[in-house]
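Thanks for coming, everyone. Let me put the structure up and walk you through it.

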Amino acid sequence: MTPETTPADLVAFFDRSAVEVGRDLIGATFCVDGVGGIVVETEAYEPDDPASHSFRGETPRNRAMFGPPAQTYVYRSYGIHWCLNFVCRPGSAVLIRALQPTMGLETMIARRGLADPRRLCAGPGRLCEALGIDLSHDGRPLSTNPFALALSGLPQPLVSGPRIGISRAVDLPWRFGLAGSRYVSKTFRQPA
DNA sequence: CTTTGGATTGTCT
DNA sequence: GACAATCCAAAGA
């Protein structure tokens, strides 16, 4: 991995389709105020995608999805949890579903009230609780504090499958994971 | 190990 | 008024 990823590098990386970015994010290291780890699971949401919040156009809630690439889109799910996305091309975003915790373990354990490293960040809501993400982090650039994102810069062994928790476009294999990782939110079906 | 149902609130129809 | 890009605890296999 490169020692540092510049803001321009990030914009170039994210100014692509969510499917490409979602794949390439696996293996990156993401931190919020020094707390975080390795991205091991993502999902892609595209503009023409009936499962995407952007599908029916811009609203106050999803406006960050139509903003510049390389910023966050944070929303509340089921009235209870926060979910974190990285914005790609307009109307496209990648949902960050799971991290392998590597930094700030004690902070995450305190926030989650749970010590099992496999479950600290295994799911979008759990990840946001562990990292302290809420609506105040919506629409903020990934290149500045409190965020830190270091791309892996190397190919990673990937698995993919259908996205979780949606009712439309169920068959698209736009969920991506690090092959063999035990930190994903739900195991991927073995490749045929 | 897997399955099931309840919690809870912003957003859109 | 319905529903949602989820999580957890409890119960069954």
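A polar contact here is a pair of N or O atoms within 3.5 Å; within protein, one must be able to donate a hydrogen and the other to accept it, and residues adjacent in sequence count only if both atoms are side-chain atoms. This is a predicted model, where local features need pLDDT of at least 70, side-chain atom pairs count only at pLDDT 80 or more, and totals for chains, interfaces and linings use all residues. Residues are numbered from 1 along each chain as its sequence is written, chains are lettered from A and ligands numbered from 1 in the order in which they are written, and side-chain values use heavy atoms, with hydrogens and water left out.

Start with the DNA. Which residues come nearest to DNA strand C? Tyr75, Tyr78, Asn85, Arg126 and Gly165, out of 20 around the strand. Sugar and phosphate make up 59% of the strand C atoms that come within 4 Å of the protein.

Now the backbone. A backbone N or O atom of Pro124 sits 3.2 Å from a phosphate oxygen of DNA strand C. Gly165 also has a polar backbone atom 3.2 Å from a phosphate oxygen of the strand. With Ala51, a polar backbone atom is 3.5 Å from a base nitrogen of DNA strand C.

What is the makeup of the surface near strand C? It divides into 9 nonpolar, 8 polar and 3 charged residues. Here Ala, Val, Leu, Ile, Met, Phe, Trp, Tyr, Cys and Pro count as nonpolar, Asp, Glu, Lys and Arg as charged, and the others, Gly among them, as polar.

Last, the side chains of Glu41 and Arg175 are joined by a polar contact of 2.7 Å.

How values were computed
Near = heavy atom within 4 Å.
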